[in-house]
Amino acid sequence: MAYSKNQFYLRRLHSLLGIIPIGGFLIFHLLVNHQATKGADAFNQAAGFIESLPFLIVLEFVLIYIPILYHAIYGVHIAFTAKENVGHYSAFRNWMFLLQRITGVITFVFVAIHVWQTRIQRALGDEVNFDMVHDIVTNPFWLVFYIVCLLAVTFHFANGLWSFLVTWGVLQSQKSQQIFTWVSLVVFIVVSYIGISAILAFL
């Protein structure tokens, strides 16, 4: 009973962190990157503003790294232990659940690589600016890798919104769940457009 109760709270925390603060950070990060569509100077100014924030390293650990680490580790646990809810949800929703697990693993790998290519390199003395990202995505392999992984991340976020609202009891009726499935599709398309247009702008 105690184990089951702990699992309940761990899943709730996992769900909450996926939206607040991780989802919020994703949108903010993509909007900053989207400044590249206005030119190198616009992106560098936005990136420079973030770099100038006081206690940046503390903010990054508290609001980004620790929540992402918990969400990723517990998410991987769910990915390899959970089973489809055939008796509770439709075949479509079970496919979404499977894709959620797959994109979660892809997102975990992508975030680790992206952090290495940007934040770790900054710690080693490089500057996070337009030229840094340009050098990454002008490599055809990394360009395709970033676009594919971005789509995985945005799907994970958009479909995760649906799961979050169901988990927290906001979407209780079947009709409300069906309607929000379309809403989450719109979120996926809009956020993906913002992210991909930003990537292409660095070319």
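A crossing of two helices is called left-handed if the near helix is turned anticlockwise from the far one by less than a right angle. Keep that in mind during this tour of the structure, which is a predicted model.

**First stop: H2 and H8**

Select residues 22-33, which form helix H2, and then add residues 174-201, which form helix H8. The axes of H2 and H8 come within 8 Å and cross at roughly 40 degrees, and the crossing of these two helices is left-handed. Because angles under 35 degrees count as roughly parallel and those from 65 to 115 as roughly perpendicular, H2 and H8 are described as oblique to each other. Now show the side chains where the two helices touch: Ile27, Leu30, Leu31 and Asn33 stand on the H2 side, while Val191, Ile194, Gly195 and Ala198 stand on the H8 side. Sorted by class, the residues of this contact are 6 nonpolar and 2 polar, with no charged residue among them.

**Second stop: H2 and H7**

Keep H2 selected and add helix H7, residues 140-167, whose axis comes within 11 Å of that of H2 and crosses it at roughly 140 degrees. H2 and H7 are therefore oblique to each other, and their crossing is left-handed. Which residues of H2 meet H7? They are Gly23, Leu26, Ile27 and Leu30, and they meet Leu150, Val153 and Phe157 in H7. The contact of H2 with H7 is made up of 6 nonpolar residues and 1 polar residue, with no charged ones. Ile27 and Leu30 of H2 take part in the contact with H7, and they also take part in the contact with H8.

**Third stop: the bond before H2**

Step back along the chain to proline 21, which is placed in the loop between helix H1 (2-19) and H2. If you display the backbone here, you will find that the peptide bond from isoleucine 20 to proline 21 is cis, with omega near 10 degrees.

**Fourth stop: the loop before H4**

Next, select phenylalanine 55, in the loop between helix H3 (40-51) and H4. Its phi is near 55 degrees, which is a positive value in a residue other than glycine.

**Fifth stop: H4 and H5**

From there, select helix H4, residues 56-81, together with helix H5, residues 91-123. H4 and H5 pack at an angle of about 150 degrees, with their axes 10 Å apart. Since an angle over 145 degrees counts as roughly antiparallel, that is the word used for H4 and H5, and their crossing is left-handed. On the H4 side, the residues in contact are Leu56, Glu60, Tyr65, Ile68, Ala72, Ile78 and Ala79, and they meet Arg101, Val105, Phe108, Val111, Arg119 and Arg122 in H5. By class, this contact of H4 with H5 holds 9 nonpolar and 4 charged residues, and no polar ones.

**Last stop: a pocket**

To finish, select Phe92, Arg93, Trp162, Gln177 and Thr181, which lie nearest the centre of the second largest pocket among the 20 residues that line it. This pocket has a volume of about 420 Å³, and the elements that give two or more residues to its lining are H5, H7 and H8. Which helix gives the largest share of the lining? That helix is H8, with 8 residues. Colour the lining by class and you will have 9 nonpolar residues, 10 polar residues and 1 charged residue.

Terms used: Residues numbered from 1 in each chain as written. Predicted model: local features only at pLDDT ≥ 70, side-chain atom pairs only at ≥ 80, totals over all residues. Heavy atoms only, no water. Axes fitted to C-alpha atoms, helices over the stretch in contact; angles between N-to-C directions. Helix = DSSP H or I, 4+ residues; strand = E, 2+ residues; numbered from the N terminus. Contact = heavy atoms within 4.5 Å. Nonpolar A, V, L, I, M, F, W, Y, C, P; charged D, E, K, R; others polar. 1 Å grid on protein atoms, 1.4 Å probe; cavity = no way out; pocket = protein on both sides within 12 Å on 5 of 7 lines; lining within 4 Å. Points joined across faces, edges and corners; volume = space filled by probe spheres on them.
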